[in-house]
Number of protein chains: 2
Amino acid sequence: MSVPPAGFEVLPVDGIGEVRPGDDLAALITTAAPWLVDGDILVVTSKIVSKAEGQLVDVPLEEPAREAAREAVLRAETSRVVARRGATQIVQTHHGFVLASAGIDASNVEPTRLVLLPKDPDASARWLRDELRERFGLHVAVIVTDTMGRPWRMGLTDVAIGAAGIDALTDYRGVLDVHGNELQLTQMAVVDELAAAADLVKGKTGQVPVAVVRGLPIRPDGHGQGAAPLIRGADADLFSLGTAEAVAKGLRTAAAIRDTPPLTFPELPAPVAAAERAERLLLVWAPAGDLRRAMEAGMEVQRIRAGLAADGVASEWLEADQVDLSGVDIPEGGMPLGVLAVGRGSLPSL
Amino acid sequence: MSVPPAGFEVLPVDGIGEVRPGDDLAALITTAAPWLVDGDILVVTSKIVSKAEGQLVDVPLEEPAREAAREAVLRAETSRVVARRGATQIVQTHHGFVLASAGIDASNVEPTRLVLLPKDPDASARWLRDELRERFGLHVAVIVTDTMGRPWRMGLTDVAIGAAGIDALTDYRGVLDVHGNELQLTQMAVVDELAAAADLVKGKTGQVPVAVVRGLPIRPDGHGQGAAPLIRGADADLFSLGTAEAVAKGLRTAAAIRDTPPLTFPELPAPVAAAERAERLLLVWAPAGDLRRAMEAGMEVQRIRAGLAADGVASEWLEADQVDLSGVDIPEGGMPLGVLAVGRGSLPSL
């Protein structure tokens, strides 16, 4: 059996223990890993960065106060809601990352606290890298990671949310393969692959929040641009919204198609025969003989129904002669055209 | 400097060279890596698996025949189009993976050929694992990888599309952290993280299509369920469609909201004054005095406009008195209500 060629190693950093606000991460890491050498890549779970930086929020232990507090924290960390289903909220954070619950985590922390992401993970990575160089004479790269779900595939993977001393992307644009073809792929997310590799020794129960990758190149100098180049803006993203949210946006767009003035219809005060179980009943009418207003009423009804469908509310159109309108006030000179029963019927499916 | 604790290594397999249909992958790999040992995880780029299995398609060198052939191959590999923008098509393959261009690749192959994904990458992984055990006495795990883009983040990463002898997901459900909290995350996509780690030594120019991960656990026996558990069905996916496709679906849904019978409107044969530059002009009318039909016409116009918007076609409503209808045949007994100018105006934006 011959010797394999040089590759790289991924080494766990054991014994860091619980990290508390104000703790000196550089000292904790170098004490736990006195074997660090120049050129190592430190891959640090964002949770211990957040804890050291005091990015913690106290929350009540009991429901419903706990959930309300969590919701408030989530809103504060969110720049844009990307998708929702049940209790799951996938949002874009102020950093620009798209993460379930904005990366807010209740694990590996006292039950009365939530851990937020670091305020500026690239700055955290730069700070730690500088500390290690200035105080410990170590020239390393630093990656700050979080755990992320992804569309289309089950299971989570670790990704980079901050970096210093290593470039986030490897650029293959213009590179030729051995056949002389220009490579179709463009950029590999190297720091995400490093984050994923490091997770394989870190695990998720909190005992190993740091791993070291040894044997891969780092920047010879300078912090580089951090993890920011990994952020794909919503405009450049084919998946900037959840499917349900985008379908709703399409319905709202349909409700906004108009070149005629808006009309409002009076609400019937009480259920009328043949229209039970509706949440609301709108009386649709037009002035007698006014074909144009009748047509505009039809347009408006259709817009209202699209808007209701966007909110997941079904509606049903009831012809004037299907509904018992006796006792209903019809505006003077008006002819009833029908009744829109809100909350009845079923949504169209495609 | 003390000694680091045991982690794992990622080792490149150099010297495999060009793989051709019918090549014996097990022999190629063991010859290039005589240093393989029991417990190693072989991470194999799908391209060499495809080449050995003859998953190649001949395509013309010259456009437009080349692009037409590529389109035909893509259609054959696609079970569902997820998103499109310009030349980019993200599709779900027959395997269930969501990949740009169905994973079809024109790099690292002769310019006259395209490489498809292996027909059944889990079966390929099992086959290779069995060969290595039966013929070479090696008890290893095998992961077959492809390179994949993802929403929200720039850059590509390698992921697993086939596996044998290792479980795709690590299940943390019910596991407690040191604080006694149940972990919020559920399952880590271990084989994707291994694929990502291996890519860091494989690179993309084709010279290193295999890497070995040494020092992490594999299944003691059995192939396991392969990479199939990584596939998230469209029903369970908050991002089963591209945003633009889902918005269009919402508009089509709006166009399908109806409880009244469909109406069709006659097309005006030629441009009329004040409605130039329209692609088509529909004359919207109702029988004189028929308020109900006028209202239904309004509903139908609104549906037509939503359907047009779903296809990215704007429309504009022109009142009957805005348009010069002299010389236009109005159906007998009909009153013109207006003209729908298809392809004029602008789409509503939200």
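**Exercises on a two-chain interface and a sheet**

In this predicted model, 131 residues of chain A are in contact (heavy atoms within 4.5 Å) with 131 residues of chain B. Local features need pLDDT of at least 70 and side-chain atom pairs pLDDT 80 or more, while totals for chains, interfaces and linings use all residues. Residues are numbered from 1 along each chain, chains are lettered from A in the order written, and side-chain values use heavy atoms, without hydrogens and water.

**Exercise 1.** Describe the interface of chain A and chain B.

*Solution.*
- Start with area. The two chains bury about 11100 Å² between them, 65% of it on carbon and sulfur atoms. Buried area is the accessible area (1.4 Å probe) lost on being put together, summed over both parts.
- Next, charges. The rule finds 10 salt bridges across the interface. Each is a side-chain nitrogen of Lys or Arg within 4 Å of a carboxyl oxygen of Asp or Glu.
- Take Arg292(B) with Asp321(A): the closest N and O atoms of this salt bridge are 3.4 Å apart.
- Then locate the surface. Helix 7 (residues 291–310) of chain A gives the largest share of the side that touches chain B, 14 residues. Helices are DSSP runs (H or I, at least four residues), strands likewise (E, at least two), numbered from the N terminus.

**Exercise 2.** Work out the strand order and edges of the open sheet in chain B.

*Solution.*
- The 3 strands run in the order 13-15-14, with antiparallel pairing. Pairing takes at least two DSSP bridges.
- Strand 13 (280–287) and strand 14 (315–319) of chain B each have a single partner strand, so one side of each lacks a neighbour in the sheet.
- Strand 14 and strand 15 (residues 334–342) of chain B pair over 5 bridges.
- Within strand 15 of chain B, Val342(B) is the residue opposite Ser315(B).
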